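Thanks, everyone, for making the time; I would like to walk through one chain with you, going from single residues to helices and then to the chain as a whole. Please have the structure open while I talk.

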Amino acid sequence: MDRITKSLIAELLANQELESEGISKDFEKLVNYCVVSNEYSKSFDVGIITVAEGGDTGIDGLAILVNGQLIEDKDEIDGLLERNNFLEVTYIFIQSKTSSNYSGGEINTFIFGVKDFFSEKPSLVRNSDINKLAEISDHIYDKAPHFKNNPTLKLYYCTTGKWVDDQNLLGVINIGVSDLEQTNLFEKVSFSPIDAKGISAYFRKTKETTSTTICFRNRITLPSITGISEAYIGLLPFEEFKKILSDDDDNLINVFEDNVRDFQGENNDVNSGIRNTLNNSDSDLFCVLNNGVTIVASSISPTGDNFTIRDYQIVNGCQTSNVLFNSRHSEYINSVNVPIKIIATDDDEVKNRITLATNNQTPIKKEQLASLTSFQRSLEQYYNSYTGDSKLYYERRSKQYNSDSSVLKTRIITVPYQIKSFAAMFLDIPHQVTSFFGTIVNKLNEGKAQIFTPDHVYSPYYTSAFAYFRLETIFRRKYIDASYKKVRFHILMLFRIIYGTGPLPEFNSKKMDTYCQKLLDVLNDENKALEAFKKCIKVIDDADFDKSDKQDIKLLSKTKSLIAQVNELKI
């Protein structure tokens, strides 16, 4: 293995706080992280997508992306379908070899393993990781009537050598891709051989923020505005606008994190109307019929008519942008000009005001505003008040910390895991957190329990996140058997009940800060935290609770029995 690849592995292990498992497994983790990071812009645990050895059917890494989310449980599928009314699915299969050679036989074995994964009668022995992912996949295909298109299938075969377009290997690949296409399960199948140089390029991209360069001729420069470094309005030809939406492989990129509405599909009146306009001979009317798109960037660098925008998000125009992207092959699309507003600011308050002001045409649900409220910004500042081993980073936006090499990935808490850890630990609903996080928020805010409420103190949010971080660290170091990861949110709940002093205070009470500090006193000592989590595991082992039974994990009655048992122990 070359020195550069070795150094990349060392950096990944350090940044993810992972112990080396030997050069082969370490290389698998590097490749899995690099490949999926270039398809999925949010922070994730590389362990989620790495398949255990033995019964892996020739697959080293597998990620299933649905509506832009990395799926860990089939319950998330139902939540996304309820939210979006459609499913857009991408499968990413990865095989990694530390050999510098490309083997036609091993490529064939990899492709056969992928085919077997989708077979209704699989012939290969499957381990628990493959079984779980296959169950998720089966659940996805059960929802096939809701597909926007058939799923996209992407295969990546990676070695430490150099790819030279060998005709024999290309023949093996083309036959394999053709076989997969003939299953009629996929809209598109691609196979990408990645060599050492490609892996290095992928790794560098994981550190970059979103940027693109467009030719913006038809524009007006806005006058000086407080809090805004520069701003422009104008019309952008679709061919230039597409550069804002897609990567070099013509994939839609995630630039909608700050947009308060997810894409709602093309079956509603507004979006179907946009589509009809784009697919008719009078598509040039689009620029006067549509309200346009608002983009907020950290910086804009104009050179003549060429504008480079960096770290940008589409804060208004998610529906328009998605329909435009889906219509990119229309014969009339080149007549389309998109009304556009591009604003550069580093002021979070200004960004939020722009987002809320440009999205006030229709009512917005609470969970859609969750990432935009002042509470979220203040919570991030609360995280920042901790230092040393207590330091965590709250990631409100995807790629927020990508360019900062000093930030350990394991210490990044995303909004979904903040929601899940808080809901499990302080609201006693670990059985519900397998759902899509937006569904969890929606259910909570419709009932008595609330989350991200303006009068809440921040300590329980940070405490639950730190407990999650500490427990995940213990799993990574293999101090607790990995089989208990399935019930990690039940463990968080039990930890709070066992080590919390007195009744749980109200979330808007200062008493909550004192309550949480007692929990943090345990969590800040690694040895005490390990013993505490082992005590929680003993409660689970002694209870009528099967941690391997997926239904037990999701039952309210089982959660209640755990709570009753641990309360008896406290008495």
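Lys25 lies in helix α2, and since we are looking at a predicted model, what I say about this lysine and about everything else is computed from predicted coordinates. Is Lys25 buried or exposed? Its relative accessible area is 10%, and because the limit for calling a residue buried is under 20%, Lys25 counts as buried. If we set aside the neighbours within four places in sequence, the residues in contact with Lys25 are Thr50, Val51 and Glu53.

Let me step back along the chain to helix α1, which covers residues 3-15. This helix has 13 residues, and from its first C-alpha to its last it reaches 18 Å, close to the 18 Å expected at 1.5 Å a residue. At the N-terminal end, α1 is capped by Asp2, which places a side-chain oxygen 3.1 Å from the backbone nitrogen of Ile4. The buried residues of α1 are Thr5, Leu8, Ile9, Leu12, Leu13 and Asn15, and what covers them includes α2 (23-37) and α8 (196-205).

After α1 comes Glu17, with a positive phi near 50 degrees, and this glutamate sits in the loop between α1 and α2. Glu17 counts as partly exposed, at 21% relative accessibility. Which residues does Glu17 contact, leaving aside its neighbours within four places in sequence? They are Leu408, Thr410, Arg411, Phe469 and Arg476. By contrast with those contacts, the C-alpha atoms of Glu17 and Asn334, which are 317 residues apart along the chain, are separated by 49 Å.

Two further residues deserve a look for their backbone angles. Asp165 is not a glycine, and yet its phi is positive, at about 60 degrees; its place is in the loop between β4 (152-159) and α7 (167-181), where Asp165 is partly exposed, with a relative accessible area of 46%. Lys478, also a residue other than glycine, has a positive phi near 65 degrees and lies in the loop between α18 and α19. At 60% relative accessibility, Lys478 counts as exposed.

Now a helix with a rather different setting, α12, residues 318-326. Of its 9 residues, 8 are buried, so α12 is largely enclosed by the rest of the structure. The buried residues are Cys318, Gln319, Thr320, Ser321, Asn322, Val323, Leu324 and Phe325. What do they pack against? The helices on that list are α9 (238-245), α10 (269-278) and α11 (286-289), and the strands are β9 (293-303), β10 (306-316) and β11 (337-344).

That brings me to the nonpolar cores. The largest has 64 residues, and those with the most contacts inside it are Phe426, Ile491, Phe495 and Phe533. Each of α15 (374-384), α16 (415-427), α18 (459-476), α19, α20 (511-523), α21 (526-542) and α23 (556-570) supplies at least two residues of this core, and α18 gives the most, with 10 residues. Apart from this core lies another, of 38 residues, among them Leu62, Ile136, Leu169 and Ile173.

To return to Phe533, if we do not count residues up to four places away in sequence, this phenylalanine touches Ala467, Arg470, Leu471, Ile474, Ile480, Ile491, Phe495 and Leu523. In helix α19, residues 488-499, we also find Ile497, which counts as buried at 6% relative accessibility. The C-alpha atoms of Ile497 and Leu379, 118 residues apart along the chain, are separated by 24 Å.

Finally, the whole chain. It has 23 helices and 13 strands. The radius of gyration is 25 Å, close to the 25 Å that the globule rule gives for 571 residues, so the chain is as compact as a globular protein of that length. Along its principal axes, the C-alpha trace spans about 75 × 60 × 45 Å. Buried residues account for 54% of the 571 residues, and the accessible surface of the chain comes to about 25400 Å², with 47% of that belonging to carbon and sulfur atoms. As for how the chain contacts itself, among contacts between residues at least 6 apart in sequence, 72% join residues at least 24 apart.

Conventions. Residues numbered from 1 in each chain as written. Predicted model: local features only at pLDDT ≥ 70, side-chain atom pairs only at ≥ 80, totals over all residues. Heavy atoms only, no water. Helix = DSSP H or I, 4+ residues; strand = E, 2+ residues; numbered from the N terminus. Expected span 1.5 Å × (residues − 1). Buried < 20%, exposed > 50% of the residue type's maximum accessible area, 1.4 Å probe, protein only. Contact = heavy atoms within 4.5 Å. Polar contact = N/O pair within 3.5 Å; in protein donor to acceptor, adjacent residues only side chain to side chain. Rg over C-alpha atoms; globule rule 2.2 N^0.38 Å. Areas by Shrake-Rupley, 256 points an atom, 1.4 Å probe, with all protein chains shown as cover. Core = buried A, V, L, I, M, F, W, Y, C linked by side-chain atoms within 4.5 Å.
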